Amino acid sequence: MATVPNAAPNAVGTAAAGRDDRPAPPPVVVRLQPEGETRTFDRVNTALQLLNRLGLLPTMALVIRNGGLLTPDVRIRPGDELEVRRVTSSG
Amino acid sequence: MKCKRCKAPAVVALPSHHAGFCPDCYKIFFARQVERAIHGQRLFSHEDRILVALSGGKDSLALMLELGRQGYDVTGLHVDLAIPDSSAAARAVVEGFCAEHGFALRVVELEREGLAIPLVKARLKRPICSACGKIKRYFFNKVALDEGFTVLATGHNLDDEVARLFANTLRWDRAYLADQGPLLPPENGFARKVKPLYRLSEFETANYAFLMGIDYHTAPCPYSTGASFTGHKKLWADLEHRSPGQKLAFYELFLKQGREAFAAQERRVGAAVAPCPECGYPTSAEICGVCRVRRALAGEGGGPGVGGDLDDRDD
């Protein structure tokens, strides 16, 4: 499936890495269902922020990490692999 | 976030209930919402034989599983639409689900009935979704009555019901407003029809399906240009986000304060329903919509008009 990089660049990650030689944190990888599309995000703090970035309200999708559901307040870690499963049936 | 009941870490947050739940407590919450719908609306009892329409989607499978867990006498019914690259997958999901949980299952094959949806689509001069829905409801009702089931249950959830109520209200469609609700009594050749998930949103059903490990069919119908009332559902999602609980209040207050006004008027001036002279299915037209489709497929007349009559209540 297509992998689409996050449209909003991580200004903090790239600039900071250049100044202090620290490697940029690994991106958050998000698989969108039912489309099957994969997107990456350089920095996402919470599940709610991720849904906001995807244009979804908290009751529009399940956020899944390691086989478990996340509530909107749960923190997202660099390198997390997530699934966002929209709940609205599409026909 | 902590579970409202047991204070363990929550995995589901429900703004409309000002609550979060852990997996075990969420299943209890879900079961109680279904129980409240069944008892509050007097949908059915443990004495009933319940036929559950199973599409393979999360709502119908979640309904079947929960009713089974609550000890009701349930049998599944799947209508195989014979749509290439779609129907076989949906049927396999339903058959796998019923086998896994030990549920009895009936399957109606539209190809054997001479009503394969691709054939109907090729013959129709209008979008297929209306005719497809009508054909499915025809067989839901027929199997329920022919095989002695006392209740026909569908997996319509709160979002489905609110979107439909909103659409009916925008048109002030008296006949549909008179009939909309989680219980339609058995009358005029129709089976008793119930919607036990009417208090639960699509989000809530999806969480239940996930936590119960239900493997459901997600691919959209290739003939559909989008789900029914998708635009209305988006409007209502925004309203609900700003004012949690508004969806359920809108629907339940309609049941309590609005529906009877439309029902009373419909009883006075509504179209009469009579058995179709060809198949006996109730209809307000000369012959029912499914028989009109059959005639069209047999080459009699032009493409069938399948809407406008009342030979299916509340789709």
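**Exercise 1. How many residues does each chain give to the contact between chains A and B?**

Step 1. Apply the contact rule: two residues touch if their C-beta atoms, placed from the backbone, lie within 7 Å.
Step 2. Chain A supplies 16 residues and chain B supplies 23 residues.
Step 3. Sort the chain A side by class: eight are nonpolar, seven polar and one charged. Ala, Val, Leu, Ile, Met, Phe, Trp, Tyr, Cys and Pro count as nonpolar, Asp, Glu, Lys and Arg as charged, and the others, Gly among them, as polar.

The model is predicted: local features need pLDDT of at least 70, side-chain atom pairs count only at pLDDT 80 or more, and totals for chains, interfaces and linings use all residues. Residues are numbered from 1 along each chain as its sequence is written, while chains are lettered from A and ligands numbered from 1 in the order in which they are written.

**Exercise 2. Find why helix α8 (residues 202–211) of chain B counts as largely enclosed.**

Step 1. Helices are DSSP runs (H or I, at least four residues), strands likewise (E, at least two), numbered from the N terminus.
Step 2. Test burial: a residue is buried if 20 or more other C-beta atoms, placed from the backbone, lie within 10 Å of its own.
Step 3. Ten of the ten residues of α8(B) are buried, so the rest of the structure largely encloses this helix. Among them are B:Phe203, B:Asn207 and B:Leu211.
Step 4. List the partners. The buried residues pack against β4 (61–65) and β5 (68–69) of chain A. In chain B they pack against β1 (12–14), α1 (23–40), α2 (58–69) and α6.
Step 5. Look just past the helix: B:Gly213 has a positive phi of about 70°.

Notes:
Buried ≥ 20, exposed ≤ 12 C-beta atoms within 10 Å, placed from the backbone.
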